[in-house]
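Colleague: I keep running into words like "buried" and "oblique", and I'd like to know what earns a residue or a helix such a label. Can we go through some?

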Amino acid sequence: MSDTAIIMEHVYKKFRKGEIYNSLRDLVPALTGKMFRQQELNESDKREFWALQDLSFEVKAGECFGVIGHNGAGKSTALKILSRIMKPTKGRMTVNGRLSALIEVSAGFHQDLTGRENIFLNGTILGMTKREIQSKLDQIIAFSGIEDFIDTPVKRYSSGMFARLGFSVAAHVDPDVLIVDEVLSVGDSAFQQKCIERMREVLRGGAAVLFVSHNLKVVAEFCDRCLLLEKGRTVKLGKPQEVISAYLQKPSKRQAADVNSGPISISSVRVRDTAGECMRFQPGQKAWIDVELIATARCSKVSITLYMLDEKFTHVFDTSTERLGHETADLEPGDVYSCTFELQLNLAEGTFYPAVVLYRYDIQTVYDRWEPAATIYVSSVGGVRGIAHCFPQICRQEIRRASEVLPVRS
Amino acid sequence: MREQLQELFKYRELLYTIAYRDIRVRYKQSVMGFLWALLMPILIVLSGIVVRYGYAIAAHEPLKAADIASVAVKSLPWAFLVSSIRFSSLSLISNKELVTKIYFPKEIFPIASMLASFFDLVVASGALIVFLLLLHLTWSPYLAWAPVLLLTLVLLVTGIGMIVAAASLYLRDVKFIVEVGLTFGIFFTPVFYEVGMFGDKKKWLLLNPISPILDGFSACIARHQSPDLGWFAYSLSCAILFLVGGYIFFKHLEPGFAESI
């Protein structure tokens with residue numbers, strides 16, 4: 001086998017926005033109408049947009065390659081082209097060997113079949129032969145940890161069991177190229193740990209891993225090289241640390257492509273101290289974070305969640321208007337909702353990234369997310385390491401000398 | 001196209017697995033289990049007997065066992081055709097998750113739907129044999145035609161299945177059109193009646209490529225004759241045309257499935 005696992009050569013992908021005729025009832029009048037009005041054809045060209053433009057990279061066997069970028073940057077499109085679900089409009093893509101994706105690990109499950117039947121179904125969908133599955137069956141079942149329920153229809157499974165079974169099947173495919181997309185953002189920490197373990201194993205086995213994530217910490221830790229996409233174009237390709245810092249460079253200016261098309265979107269996030277807009281803080285200092293959002297459609301029970309990430313993108317702190325006992329907001333189109341959080345930054349020295357999510361709790365819907373929305377630096381005089389600053393002080397110090405303690409024996 | 005066929009062959013295990021899943025699921029969900037495979041054909045045979053009884057009264061003739069046998073023999077392939085095309089037309093839409101998430105040759109879905117319906121046909125054929133024996137129908141060497149006719153029907157149905165599957169992914173109302181077509185198709189196809197009843201005008205009826213196949217079944221099983229060779233050749237060429245054309249059509253549209261579904 002050649003040592004290059006993935007080759008992307010000048011790949012372009014075009015999508016069409018707006019109206020698509022998806023029924024004969026609409027299509028027939030549209031076609032007859034078009035015959036008489038030629039100029040409309042030109043207008044439809046404007047509605048096209050490029051999801052990917054001139055994407056070129058190579059991934060070698062045994063290499064972990066990261067892809068990062070804001071929402072709408074073209075990451076998912078790139079993955080769909082890699083996994084051959086979509087065809088590039090222009091350009092060429094070559095994958096050497098068997099490709100397996102840890103994307104939707106339970107996509108092939110059928111609710112009415114038992115766990116065992118679903119292992120065979122999903123296994124063949126992922127490209128394993130029956131014999132291969134048969135030989136790994138015990139391993140797969142043991143890995144999933146649901147031996148007792150393996151002959152129960154999966155519709156009776158809890159969502160955790162469902163995901164575990166799906167993952168164990170996907171994890172037992174021996175790929176030459178493994179694609180991992182955002183699985184680390186779902187599931188509990190044990191599940192995430194298993195995903196990471198699996199990636200390590202695959203890498204050790206000499207396969208290539210293509211990793212797409214918002215979890216910059218894992219990207220920084222794992223990837224040998226990293227690609228930053230923005231509006232379908234390659235912005236930077238190189239060492240993960242450099243690429244990540246490019247990604248974080250201008251966090252307060254939101255990309256047009258990053259602003260979502262949902263009913264409400266975050267328009268600005270500003271961090272200030274008593275004097276005004278500010279980036280540098282001392283531990284324990286008070287900071288105010290102003291969040292402003294605009295509604296484009298009617299939206300009810302909106303709450304704002306504010307959270308903070310550290311340099312390794314670990315979740316440090318998290319709160320929301322609702323959890324702080326404030327009413328959720330009902331917004332009409334055009335309404336501007338602003339809100340200020342006051343925080344006491346009990347943080348140790350380091351760089352932190354506040355981030356904001358607009359969320360409706362009862363229907364568990366995320367309307368908009370901005371991560372990271374700003375950057376703050378906390379500088380300290382020293383003496384404290386770690387993430388939190390607990391303002392340690394020494395109140396008592398005493399040493400009892402062993403030589404001064406008298407023996408009890410007489 | 002050769003590469004595409006090789007790929008389909010490579011994924012044959014997946015085809016069997018999906019077909020097996022479709023069969024499993026159909027029999028698992030229903031209380032009736034295997035009776036489900038019999039319900040549709042039994043209903044068609046019963047309505048056919050009612051219609052033929054009406055003809056017999058109008059013609060002042062008794063209803064013959066051979067007529068009932070003919071209706072029964074044609075009802076099963078018709079039921080197979082209806083269920084196969086119906087399931088095929090929904091096969092891509094109802095597997096949206098797999099169409100958009102994982103790569104494999106997607107013609108597996110309509111073909112698997114056809115195989116699952118074929119399984120129903122096999123089950124129902126068992127019952128048909130018992131029924132024909134009860135009617136004291138004897139066998140003849142012409143019975144050897146039955147598998148040939150069945151194969152022709154399978155080719156035709158697979159071709160149509162691929163066309164309607166791909167078309168209903170792009171155009172949401174195709175599945176309703178298919179449904180209407182399948183409901184009224186029975187009037188344009190000799191299931192309840194015989195093409196012979198139409199005298200000189202029967203050639204118009206036989207232009208429907210399904211008609212010569214069904215008439216052939218009736219001829220070789222119920223009437224102990226050879227099917228009309230000319231019309232059989234016509235059906236076979238139509239079947240091959242539909243299969244090849246359907247496959248090319250499907251493969252042409254396949255790259256856009258994930259973004260259009």
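Modeller: Here is a walk through some labels, each set against its cut-off.

Modeller: First, the ground rules: this is a predicted model, where local features need pLDDT of at least 70 and side-chain atom pairs count only at pLDDT 80 or more, while totals for chains, interfaces and linings use all residues. Residues are numbered from 1 along each chain as its sequence is written, chains are lettered from A and ligands numbered from 1 in the order in which they are written, and side-chain values use heavy atoms, with hydrogens and water left out.

Colleague: Okay, why is Thr4(A) called buried?

Modeller: Buried means under 20% relative accessible area, exposed means over 50%, and partly exposed is in between (1.4 Å probe, protein chains only). Thr4(A) has 13%, so it counts as buried. It sits in strand E1 (residues 4-16) of chain A; helices (H or I, at least four residues) and strands (E, at least two) are DSSP runs, numbered from the N terminus.

Colleague: And what does Thr4(A) touch?

Modeller: Leaving out residues up to four places away in sequence, Thr4(A) touches Glu58(A), Val59(A), Lys60(A) and Asn96(A). Contact here means heavy atoms within 4.5 Å.

Colleague: How do you know whether Ser88(B) is buried or exposed?

Modeller: Its relative accessibility is 1%, which is under the cut-off, so Ser88(B) is buried. Ser88(B) lies in helix H4 of chain B, and among the residues it touches are Pro110(B), Met114(B) and Val164(B).

Colleague: What makes Leu243(B) partly exposed?

Modeller: Leu243(B) has a relative accessible area of 24%, in between the two limits, so that is the label. This leucine is in helix H11 (residues 229-253) of chain B. Its C-alpha atom is separated by 6.1 Å from that of Leu156(B), although the two are 87 residues apart along the chain. Leaving aside neighbours within four places in sequence, Leu243(B) is in contact with Leu155(B), Thr158(B), Gly159(B) and Met162(B).

Colleague: Now helices. Why are H7(B) and H10(B) called roughly antiparallel?

Modeller: The axes of H7 (residues 145-170) and H10 (residues 210-222) of chain B come within 9 Å and cross at roughly 160°. Axes are lines fitted to C-alpha atoms, for helices over the stretch in contact, and angles run from 0 to 180 degrees between N-to-C directions. Angles under 35 degrees count as roughly parallel, over 145 as roughly antiparallel, 65 to 115 as roughly perpendicular and the rest as oblique. H7(B) and H10(B) are therefore roughly antiparallel to each other.

Colleague: Which residues make that contact?

Modeller: They include Trp145(B), Leu149(B) and Leu153(B) of H7(B), and Ile213(B), Gly216(B) and Phe217(B) of H10(B). The contact residues divide into 11 nonpolar, two polar and no charged. For the sorting, Ala, Val, Leu, Ile, Met, Phe, Trp, Tyr, Cys and Pro count as nonpolar, Asp, Glu, Lys and Arg as charged, and the others, Gly among them, as polar.

Colleague: What makes H4(B) oblique to H10(B)?

Modeller: The axes of H4 (residues 65-91) of chain B and H10(B) come within 9 Å and cross at roughly 140°. That angle fits none of the named ranges, so H4(B) is oblique to H10(B). Lys74(B) and Trp78(B) of H4(B) and Asp215(B) of H10(B) are among the residues in this contact, which divide into 11 nonpolar, two polar and two charged.

Colleague: What is odd about the phi of Arg84(A) and of His136(B)?

Modeller: Most residues other than glycine have a negative phi. Arg84(A) has a positive phi of about 65°, and His136(B) has one of about 60°. Arg84(A) is in the loop between helix H3 (75-82) and strand E4 (90-95) of chain A, and at 42% it is partly exposed. His136(B) is in the loop between helix H6 (108-134) and H7 of chain B, and its 70% makes it exposed.

Colleague: Last one: what counts as a nonpolar core?

Modeller: It's a set of buried Ala, Val, Leu, Ile, Met, Phe, Trp, Tyr and Cys residues joined through side-chain atoms within 4.5 Å. The largest one has 79 residues, and those with the most contacts inside it include Ile68(A) and Phe104(B). Its largest share, seven residues, comes from helix H6 (residues 159-171) of chain A. Apart from it lies another core of 44 residues, including Val73(B) and Trp78(B).
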